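User: I'd like to learn how to read aromatic contacts and cysteines in a protein model. Can you walk me through one?

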Amino acid sequence: AADGGSSRDVDLLEAEDATAAGYRVSAMRSRDSSSYAMLRVLRRLDFVDGEYLLRPKGRAAGHVETGNAVLTVELLVSGALQELDVAETAAVLSCLLQSGDDSGARKDRLVDKQFLESLRLENARMAMALASLQQHCERVAAVVDEVVGEGGRERHAAWPCVTLRCELIRPVLLWASGESFEASWQRCAGEVYEGTLVRAFRALDQFLGEIAKAAATLGDTPLAQKVESCMDAVHRGLPFAPSLFVADD
């Protein structure tokens, strides 16, 4: 309930989890605000409850900053990563990394059917996990469109469109399997520059650390341990040298 006339329009909502001190959700509850619409989306996806307090998925999402938090958590709880080995897990998760070029996107960039078919021939397990991720993307987009209206994400910068970076799958798979940087980069087929791939590997290492914390928050210890193993597989060699010109002795 509000005290004054103007305060009836806006309520400040805050929720804080005792097991994750310092993580806070605050949004202005206004029927006309994008913040309130976002809360409605999160409620539909079970990230917050009817009082807009954090649910387990919401607490887990609070750890994710480098990639798409909502899609990352949806993938974690789906079980789609369960059958993948360490390198395959790192490769699939790399799709969720966001780049600076994505910030102004006005159209979803999902998995090309031809790419998915070619991946299925190479690695059926990874293709299944990627198809599951695609389904989650479509579900989240449908919920957002129901809340803000069809095409709302394209019209408003506050609603980021979904970008899946499938060009990273093959190089990350090789790199996390212990292959050389040169061999991994060659799998980019000219789609990614060497320096861009170095930055992607470094960003992926940070992203995996966030995902490990998210999985632990969800209570999935085996998945958290697997993601930590992904970090060990990715964090090595040239991309993580103190200097790209002079490595440690």
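Analyst: Let's go from the overall fold to the rings and then to the cysteines. Keep in mind that this is a predicted model.

User: Fine. Which secondary structure elements does the protein have, and in what pattern along the sequence?

Analyst: There are 11 helices and two strands. Along the sequence the pattern reads β-β-α-α-α-α-α-α-α-α-α-α-α, with both strands ahead of the helices.

User: And what share of the residues is buried?

Analyst: Of the 249 residues, 46% are buried. As for the surface, about 13100 Å² is accessible, and carbon and sulfur atoms own 48% of that. If you look at contacts with a separation of 6 or more, 64% of them join residues 24 or more positions apart.

User: Now the rings. How is a pair of aromatic rings described?

Analyst: You take the distance of the centres and the angle of the planes. Here the count comes to three aromatic pairs. Take Trp175 and Phe181: their ring centres are 6.2 Å apart and the planes stand at 85°, so this pair is edge-to-face.

User: What about Phe181 and Phe201?

Analyst: Their centres lie 6.1 Å apart with the planes at 85°, so that pair is edge-to-face too. Phe181 belongs to helix α9 (residues 181-186) and Phe201 to helix α10 (residues 194-217), so the pair ties together parts that are 20 residues apart in sequence. Put together, Trp175, Phe181 and Phe201 make one aromatic cluster.

User: Are the rings of this cluster buried or exposed?

Analyst: Trp175 and Phe181 are both buried. Phe181 has a relative accessible area of 13%, while Phe201 is buried with a value of 0%.

User: Which charged residue sits over the ring of Trp175?

Analyst: That's Arg236, whose charged end is 3.7 Å from the centre of the Trp175 ring.

User: On to the cysteines. How many disulfides are there?

Analyst: The general idea is a distance test on sulfur atoms, with a cut-off of 2.5 Å. In this model the count is zero.

User: Why does Cys166 not form a bond with Cys95?

Analyst: Cys95 holds the cysteine sulfur closest to that of Cys166, but the two are 4.5 Å apart, too far for a bond. Cys166 itself is buried, with a relative accessible area of 10%. Cys188 is another buried cysteine, at 2%.

Terms used: Residues are numbered from 1 along each chain as its sequence is written. This is a predicted model: local features need pLDDT of at least 70, side-chain atom pairs count only at pLDDT 80 or more; totals for chains, interfaces and linings use all residues. Side-chain values use heavy atoms; hydrogens and water are left out. Helices (H or I, at least four residues) and strands (E, at least two) are DSSP runs, numbered from the N terminus. Buried means under 20% relative accessible area, exposed over 50%, partly exposed in between (1.4 Å probe, protein chains only). Contact means heavy atoms within 4.5 Å. Accessible areas come from the Shrake-Rupley method with a 1.4 Å probe; for residues, only the protein chains shown count as cover. Rings of Phe, Tyr and Trp (its six-membered ring) pair if their centres lie within 6.5 Å; planes under 30 degrees apart count as stacked, over 60 as edge-to-face and the rest as tilted. A charge sits over a ring if NZ of Lys or CZ of Arg is within 6 Å of the ring centre and within 35 degrees of the ring normal.
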